[in-house]
Amino acid sequence: MILVVGAGAAGLTAAIFAASGGHDVLVIERTTDGGRKILISGGGRCNVLPSVLAPERFVTSSPAHLMRGMLRSWPLMQQREFFERDLAIPLALEADSGKLFPASNRARDIRDALVGAARRHNVRFQFDTSLTSLTAVDGAWSVATTRGALAAARVILATGGLSVPATGSNGDGLQLAESLGHRMHARYPALTPLLSQPAVHAGLSGVSLTVRLRAKSARRTLETSGGFLFTHRGYSGPAVLDVSHVAVRDRDATIRAQWTTVNAAEWERLLTGATGLVATVVSARLPQRLATQLIDEAGIPPDRRSTELRRSERIALIDRLTAYPLPWTGDEGFKKAEVTGGGVALDEVNAQTLESLHHPGLHLCGEMLDAFGPIGGHNFAWAWATGRLAGLGAASV
């Protein structure tokens, strides 16, 4: 028997491919139904895949070529064919974001289609069951669970990371992998909202716009653009989530925002060429509340006309419009993180089968492995690809 531990995105994919050759496959899952992170993804719509995969935007502390190889083991077009042809789930492109969603816009359809495909391959499920220990015995595995002992020829650990614990992920699999001697990279919340205490921008809560962010730390500089949302506690939105790991890993990191596509030279031209109120020029390109606050922070009276703007005021305002230092002090942690950074080092597993190099017959996949990608379906692409590799690898013996 092949035992799959975890019925999330990677685990369900692993089970399908492990069973495709006729193997007896059992999935154990600690929740009552599995796939909880699938259900909440994309606001309940499930961003299944990106329209274009961007391996260069993935983050890992392991050799990057191993991560790229694992990602490319199942090309994006073939992944899309799997959902549309094999699972009969048509995908629709959201043109402005480049994301692929189920045409129904229901995440539950994705979860249910994966479970259904597994059942058609005679995969058995045992829900409300947690793994408590794993012991190698005579080339096989003795597995202790909260519902009794099991014996397995091969085990696939797809227990997820530490992110969104409400979905059933608690890091048990990572702890188990570490106890079995696997080298780990430090775990940290990734793709998580940032906090600002005191909440200097609480008055802007609910304001959203598209921005460009530049995060800089001692170890790296990252630029990204996308949606930005002011919250009552800090900042969220795709652009913030994509750079959050830079801040999480280095509390001295700086983040600067360019609030529009207008650069410093263009703002100079706009402000010197206008005759009306400065507020009118700025709010024409920014949400009103944000424009008002930036003008106030630059020390410019609300009734100042562009023709009366002092050079020092103009410089201060343009700096806030194009290189605003975002005052952040912390993050929302694993509770709201989309994924877990760090995990089992990629050179601890066989790159073709994801079999542990320490324990034959043990395969690792999904969020347990040291890699994550940006917002936009990339992390599901990682889950599908590594789940397939682990499933095929476990079935190959």
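Accessible areas here come from the Shrake-Rupley method with a 1.4 Å probe. With that settled, I looked up the exposed surface of this predicted model, and I noted that the protein chain exposes about 16400 Å², of which carbon and sulfur atoms supply 50%.

**Entry 1, the whole chain.** I recorded 12 helices and 20 strands in the protein chain, and I found that its C-alpha trace spans about 85 × 40 × 35 Å along the principal axes. Of the 397 residues, 57% count as buried. I then turned to contacts with a separation of 6 or more, and noted that residues 24 or more positions apart account for 71% of them. For charge, I listed 41 positive and 35 negative side chains, and the centres of the two sets lie 3 Å apart.

**Entry 2, Thr-167.** I located Thr-167 in the loop between strand S10 (154-157) and helix H6 (172-179). Is Thr-167 buried or exposed? Its relative accessible area is 10%, and because the cut-off for buried is under 20%, I entered Thr-167 as buried. Leaving out residues up to four places away in sequence, I found that Thr-167 touches Thr-31, Arg-36, Lys-37 and Ile-40. I also looked up Arg-30, which is 137 residues from Thr-167 along the chain, and the C-alpha atoms of the two are separated by 9.8 Å. Within the loop itself, a polar atom of the Thr-167 side chain lies 2.7 Å from the backbone oxygen of Val-164.

**Entry 3, His-185.** I placed His-185 in strand S11, which covers residues 184-190. His-185 has 19% relative accessibility and therefore counts as buried, since the cut-off is under 20%. Which residues does His-185 touch, not counting those up to four places away in sequence? I listed Ser-61, Ser-62, Gly-342, Gly-343, Ala-345 and Asp-370.

**Entry 4, two open sheets.** I traced an open sheet of three strands in the order S3-S5-S4, with antiparallel pairing. Strand S3 (49-50) and strand S4 (91-94) stand at its edges with a single partner strand each, so one side of each is left without a neighbour in the sheet. S3 pairs with strand S5 (residues 99-102) over two bridges in the antiparallel sense, and I noted Leu-100 in S5 as the bridge partner of Leu-49.

I followed a further open sheet, of seven strands, in the order S17-S16-S13-S14-S15-S12-S18, again with antiparallel pairing. Its edges are strand S17 (324-325) and strand S18 (330-331); each has a single partner strand, so one side of each lacks a neighbour in the sheet. Inside that order, strand S13 (residues 208-216) and strand S16 (residues 254-258) run antiparallel and are joined by five bridges, and the bridge partner of Arg-214 is Arg-256 in S16.

**Entry 5, backbone details.** I checked the peptide bond from Gln-197 to Pro-198 and entered it as cis, with omega near 5°; Pro-198 is found in the loop between strand S12 (194-195) and S13. Asn-122 is not a glycine, yet I noted a positive phi of about 65° for it. Asn-122 lies in the loop between helix H5 (107-120) and strand S6 (124-126), and with a relative accessible area of 61% Asn-122 is exposed. Asp-128, also not a glycine, has a positive phi of about 55°. I placed Asp-128 in the loop between S6 and strand S7 (131-137), and entered Asp-128 as partly exposed at a relative accessible area of 46%.

Terms used: Residues are numbered from 1 along each chain as its sequence is written. This is a predicted model: local features need pLDDT of at least 70, side-chain atom pairs count only at pLDDT 80 or more; totals for chains, interfaces and linings use all residues. Side-chain values use heavy atoms; hydrogens and water are left out. Buried means under 20% relative accessible area, exposed over 50%, partly exposed in between (1.4 Å probe, protein chains only). Contact means heavy atoms within 4.5 Å. Lys and Arg count as positive and Asp and Glu as negative; His and the chain ends are not counted. The place of a charge is taken as NZ of Lys, CZ of Arg, CG of Asp or CD of Glu. A polar contact is a pair of N or O atoms within 3.5 Å; within protein, one must be able to donate a hydrogen and the other to accept it, and residues adjacent in sequence count only if both atoms are side-chain atoms. Two strands pair if DSSP finds at least two bridges between them.
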